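Me: I should like to learn how charged side chains are read in a structural model. Please take me through the pairs and then through a helix.

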Amino acid sequence: MKECLREKKFTKKQIKYAIKHLKVNWKSIALYNAECWLNGFGVSKQLIIDWSKKDECTKKEIKYVLKHISADWNNEACLAACWFSVEVDGVVTDEMVYNYLYKTRKFTKAQAEYGKNHWHEYPFQGD
């Protein structure tokens, strides 16, 4: 919403006024967006934070999202590893999976380790 206003070439003052007076529940919108990101592609808590910041969510909105989002982060790590295995052309090693989860998808070390050890147990349809 905030980005849409900016794209329409409104002034900062006009955007600020609109956001203040729209009576929009920004926390609910931020939570909805985060839940959409969790739609089967394997997203870490840190990516949720990063993408929320990119969407210009406030610290309070992000805190609300993290408090109310229902995610199994280990499951998300496994899903991310499954997608990674589909995208990689060739052999996928445990080290490649761990590095992808930890460095690229920003899972914690424990979550990346879990994903590395358990992703192959998931029934996954990549195509």
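Me: Is Glu-113 buried, exposed or partly exposed?

Reply: Burial is read from relative accessible area: buried means under 20%, exposed over 50%, and partly exposed in between, with a 1.4 Å probe and protein chains only. Glu-113 is partly exposed, at a relative accessible area of 33%. The model is a predicted one, in which local features need pLDDT of at least 70, side-chain atom pairs count only at pLDDT 80 or more, and totals for chains, interfaces and linings use all residues. Residues are numbered from 1 along each chain as its sequence is written, and side-chain values use heavy atoms, with hydrogens and water left out.

Me: With which residue does Glu-113 form a salt bridge?

Reply: Side chains of opposite charge can pair when their charged atoms come close. A salt bridge here is a side-chain nitrogen of Lys or Arg within 4 Å of a carboxyl oxygen of Asp or Glu. Glu-113 pairs in this way with Lys-116, the closest N and O atoms lying 2.9 Å apart. Because the two are 3 residues apart in helix 8, about one helical turn separates Glu-113 and Lys-116. Helices are DSSP runs of H or I with at least four residues, numbered from the N terminus. Lys-116 is buried, with a relative accessible area of 17%.

Me: How many salt bridges does the whole structure hold?

Reply: A search of the whole structure gives 2. Lys-106 and Asp-50 also meet in a salt bridge, at 2.5 Å from N to O. This pair links distant parts of the chain, 56 residues apart: Lys-106 lies in the loop between helix 7 and helix 8, and Asp-50 in helix 4. Lys-106 is partly exposed, its relative accessible area being 37%.

Me: What is the nearest side chain of opposite charge to Glu-76?

Reply: For this purpose Lys and Arg count as positive and Asp and Glu as negative, while His and the chain ends are not counted. The nearest such side chain is Arg-105, 7.1 Å away, and Glu-76 has no salt bridge although it is buried. Glu-76 is placed in helix 6. Its side chain reaches the backbone nitrogen of Val-43 at 3.0 Å, a polar contact being a pair of N or O atoms within 3.5 Å; within protein, one must be able to donate a hydrogen and the other to accept it, and residues adjacent in sequence count only if both atoms are side-chain atoms.

Me: Against which helices do the buried residues of helix 6 pack?

Reply: Contact means heavy atoms within 4.5 Å. The buried residues of helix 6 pack against helix 4 (45-54), helix 7 (94-104) and helix 8 (109-118).
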